[in-house]
Amino acid sequence: MKTVIRPSAARAERELMRGAGPAAVLALLERRGEMYGYELVSALASGSSGTLDMGQATLYPMLYNLEAKGLLKAAWRETPGGRRRKYYELTPAGRRRLAAHRRQWRDVTRALASLGVLERIGR
Amino acid sequence: MNGTPDAGLPAQASERIAASLEAARLPRRDREEVAAELAAHLEDGIASGRDLDELLRAFGEPARAGALIGRSIRRRRRARHPALRALQAFTLGIGIVYVGLFARLHARAPERTWDSPAAAAAAWRGSAWESERAAFETVLASMYTEGEDGRLTAAGLRAFQAWKGKTAPSLWSVALEPAYFPNAARRGEARLEFERFLRLAEDPGPAFEAERDALLADRSRALRFVALQIPLDRLAAARADSRRTR
């Protein structure tokens, strides 16, 4: 059964963000390999139609926390223009955590769909 | 970068970063790293054509941003340095034990009437630790003399001193003293007080008896003597010996 969450125009509630934010960051890094802070913010906002639009006060503490848990590693690198940026990438532990997130979110969305909270598609 | 934002940023942006870092209360090295990253973020935003006011709005309140960043960086530092984390946990554990001991010794002192060792022991029962109570009873018993109405005597005190056989503080008393005497000056005063009492005991007379009665009437003074002078391990051993020989 395939389910989708309809994007909301409003920002997600803080608790939702706390759960979804790290999963989204891990997923983006898995897809793109490595990303820097501003790139992550932009990708999160555009990829979620604004639902996961977050400021620096949310993003960087989240990245540092993920780093503390050993799920990300970071390295400073110089751009061709001579500017320095800090790039983040997944660690093996981060990949395992992302797989766990995926299972949890799949269970949650299935449950919500069963309860009629989410619209079902492809039935 | 010395912990202040990049000079190439608009002043408003630099001020916002500086205010956030101020609230984060980080060591210089972490501060420099975070400053560089936040500055790079705003530079990227400006370079991509976003309005500065919009970027600063997205930045969030400096106090909140700083608090969140500070907390997460400290967590990351602890994760990077497990020894530091262990040391912090150990220090916290010691602190909790010490505060508990301090509260126990000061806030839960028993009510008592010390007319005899038995009365003193009864007063401590139920409100003191077993080891503390045993030590105190043993001290009192060694200082009182049978047949003299349970009064403290110079002979009893000298007998206790002879039995104790040393004046250097025990390991236990070293650990316990600060809890009784958070103020080092008061600890010194108590030592002097005890030494004076011992000198008086060398020549028993009205001065000694007056001092003795004052000591017994004042719970806190008597407790100082216990804290300063009892080697608990020897007391426990002596107590066990006396039980075996009974």
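This is a short chat about a predicted model, its chain A and the contact with chain B.

Reader: Start with the basics. How many helices and strands are there in chain A?
Author: Chain A has 4 helices and 5 strands.

Reader: And what pattern does chain A follow along the sequence?
Author: It reads β-α-β-α-α-β-β-α-β.

Reader: What share of chain A counts as buried?
Author: The figure is 26% of its 123 residues.

Reader: What about contacts between residues at least 6 apart in sequence?
Author: In chain A, 56% of those contacts join residues at least 24 apart.

Reader: Switching to the contact with chain B. How many residues does it take from each chain?
Author: Chain A puts in 15 residues and chain B puts in 21 residues.

Reader: Which elements of chain A each supply at least two residues there?
Author: They are α2, α3 (56-68) and β4 (84-90).

Reader: Which one gives the most?
Author: α3(A) does, with 8 residues.

Reader: How do the residues on chain A's side divide by type?
Author: There are 6 nonpolar, 4 polar and 5 charged residues on the side of chain A that touches chain B.

Reader: Now A:Gly47. Where is it?
Author: A:Gly47 lies in helix α2 of chain A, which covers residues 37-47.

Reader: Why is A:Gly47 classed as partly exposed?
Author: Because 14 other C-beta atoms lie within 10 Å. Buried needs 20 or more, and exposed means 12 or fewer, so A:Gly47 falls in between.

Reader: How far apart are A:Gly47 and A:Ala24?
Author: In sequence, 23 residues. In space, 9.6 Å from C-alpha to C-alpha.

How values were computed
Residues are numbered from 1 along each chain as its sequence is written. Chains are lettered from A and ligands numbered from 1 in the order in which they are written. This is a predicted model: local features need pLDDT of at least 70, side-chain atom pairs count only at pLDDT 80 or more; totals for chains, interfaces and linings use all residues. Two residues are in contact if their C-beta atoms, placed from the backbone, lie within 7 Å. Ala, Val, Leu, Ile, Met, Phe, Trp, Tyr, Cys and Pro count as nonpolar, Asp, Glu, Lys and Arg as charged, and the others, Gly among them, as polar.
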